[in-house]
Amino acid sequence: MEKEDTQSLLGKLVVKEIKTQSDYLADKIRNMVVSRELSDGFKFPNEVEFCKTLNVSRATLREAYKILSTQGFIRIAKHGTYVKCRDDIARKGDFAASLELADTAEMQEFVCALEPAAVFLAAKRIDAAGLRKLESLLLACEAVAENPKELLKKNYLFHACIRDYADNTLITSALAAYYDIFNHQIIENIYSSYSHLDEFIANSLEQHRELFDAISRHDAERARDIAYHHLRVDVETNELQVKSVNS
């Protein structure tokens, strides 16, 4: 490619705009919907009054509304602008909106449904090079078994590697969008304060070994079952930990 063509191509990446006032306003309204400060069906004031309250122009407010409407958070009608029902946002909004509004139970169900599916595909599709990489990550986990902070990092990489070899962009990207939340709310919580952490880690690493063995044999159904059980143990252990803290 000629130098001029390369410069022209890369020139398309130049950031020409910074975050606008409309973007900030849309972010604030969205956060208030997610946190339930603005309830289902909340009706915003008429534009003239609302602009005075916010000290913004009508163009800024309308652009913010446009962003929120596209994302599925609000409904713009002839007689006013309303916050949509949370169920409607989750079902009919964009995927990011659904993620933000999902409760803990929904998040767990989502991960427990998709992660085993990714493992099933990985067991079918992984090649020799992938198995060597996965085994190295398995050994890395086992090598830091007595260091929970380091094990958290290695554990994340081990599972991320399996998802990569599923070779299904839709499943892996959907999981990637939410797995960080699952990892933070469930796994990190267990590693930070669970009273029987040594036993939990030992069992977890044993499940890792069983999972690797099933994947290396390309036994997709067995690998999927182990992955599901592995996730359920995480979820149930976290629930026990939460109950212990709250009791």
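Helices here are DSSP runs of H or I with at least four residues, numbered from the N terminus. With that in hand, welcome to a predicted model in which five helices share the lining of one enclosed space: H7, H9, H10, H11 and H12 each supply at least two residues of the lining of the largest cavity. The briefing starts with that cavity and then turns to three helix pairs.

**The cavity**

- The structure holds 1 cavity of 30 Å³ or more, and the space in the largest cavity comes to about 100 Å³.
- Its lining is made up of 15 residues, and those nearest the centre are Asn155, His159, Tyr179, His230 and Asp234.
- Sorted by class, the lining has 8 nonpolar, 5 polar and 2 charged residues.
- If you want to find the contributing helices in the sequence, H7 spans 104-125, H9 spans 148-166 and H11 spans 197-216, while H10 covers residues 169-193 and H12 covers residues 220-246.

**H9 with H11**

- The axes of H9 and H11 come within 13 Å and cross at roughly 25°.
- Angles under 35 degrees count as roughly parallel, so H9 and H11 are roughly parallel to each other.
- Their crossing is left-handed.
- On the H9 side the contact is made by Pro148, Leu151, Asn155, Phe158, His159 and Ile162, and on the H11 side by Leu197, Ile201, Leu205, His208, Leu211 and Ile215.
- The residues of this contact divide into 9 nonpolar, 3 polar and no charged.
- Asn155 and His159 appear in this contact and are also among the residues nearest the centre of the largest cavity.

**H8 with H11**

- H8 (residues 128-143) packs against H11 at an angle of about 170°, and their axes are 10 Å apart.
- Angles over 145 degrees count as roughly antiparallel, which makes H8 roughly antiparallel to H11.
- H8 brings Leu131, Leu134, Glu135, Leu138, Leu139, Cys141 and Glu142 to the contact, and H11 brings Leu205, His208, Arg209, Phe212, Ile215 and Ser216.
- By class, the contact of H8 with H11 has 8 nonpolar, 2 polar and 3 charged residues.
- Leu205, His208 and Ile215 of H11 take part in the contact with H8 and in the contact with H9.

**H10 with H12**

- H10 and H12 pack at an angle of about 60°, with 9 Å between their axes, and are therefore oblique to each other.
- H10 passes H12 in a left-handed crossing.
- From H10, Phe182, Gln185, Ile186, Ile187, Asn189, Ile190 and Ser193 meet Leu231, Asp234, Val235, Thr237, Asn238, Gln241 and Val242 of H12.
- These contact residues divide into 7 nonpolar, 6 polar and 1 charged.
- Asp234 of H12 belongs to this contact and is also one of the residues nearest the centre of the largest cavity.

Technical notes
Residues are numbered from 1 along each chain as its sequence is written. This is a predicted model: local features need pLDDT of at least 70, side-chain atom pairs count only at pLDDT 80 or more; totals for chains, interfaces and linings use all residues. Side-chain values use heavy atoms; hydrogens and water are left out. Axes are lines fitted to C-alpha atoms, for helices over the stretch in contact, and angles run from 0 to 180 degrees between N-to-C directions. Angles under 35 degrees count as roughly parallel, over 145 as roughly antiparallel, 65 to 115 as roughly perpendicular and the rest as oblique. A crossing is left-handed if the near helix is turned anticlockwise from the far one by less than a right angle, and right-handed if clockwise. Contact means heavy atoms within 4.5 Å. Ala, Val, Leu, Ile, Met, Phe, Trp, Tyr, Cys and Pro count as nonpolar, Asp, Glu, Lys and Arg as charged, and the others, Gly among them, as polar. On a 1 Å grid over the protein atoms alone, a cavity is a set of points where a 1.4 Å probe fits but cannot get out, and a pocket is an open set with protein on both sides within 12 Å along at least five of seven lines; lining residues have an atom within 4 Å of a point. Grid points are joined across faces, edges and corners, and a volume is the space filled by probe spheres set on the points.
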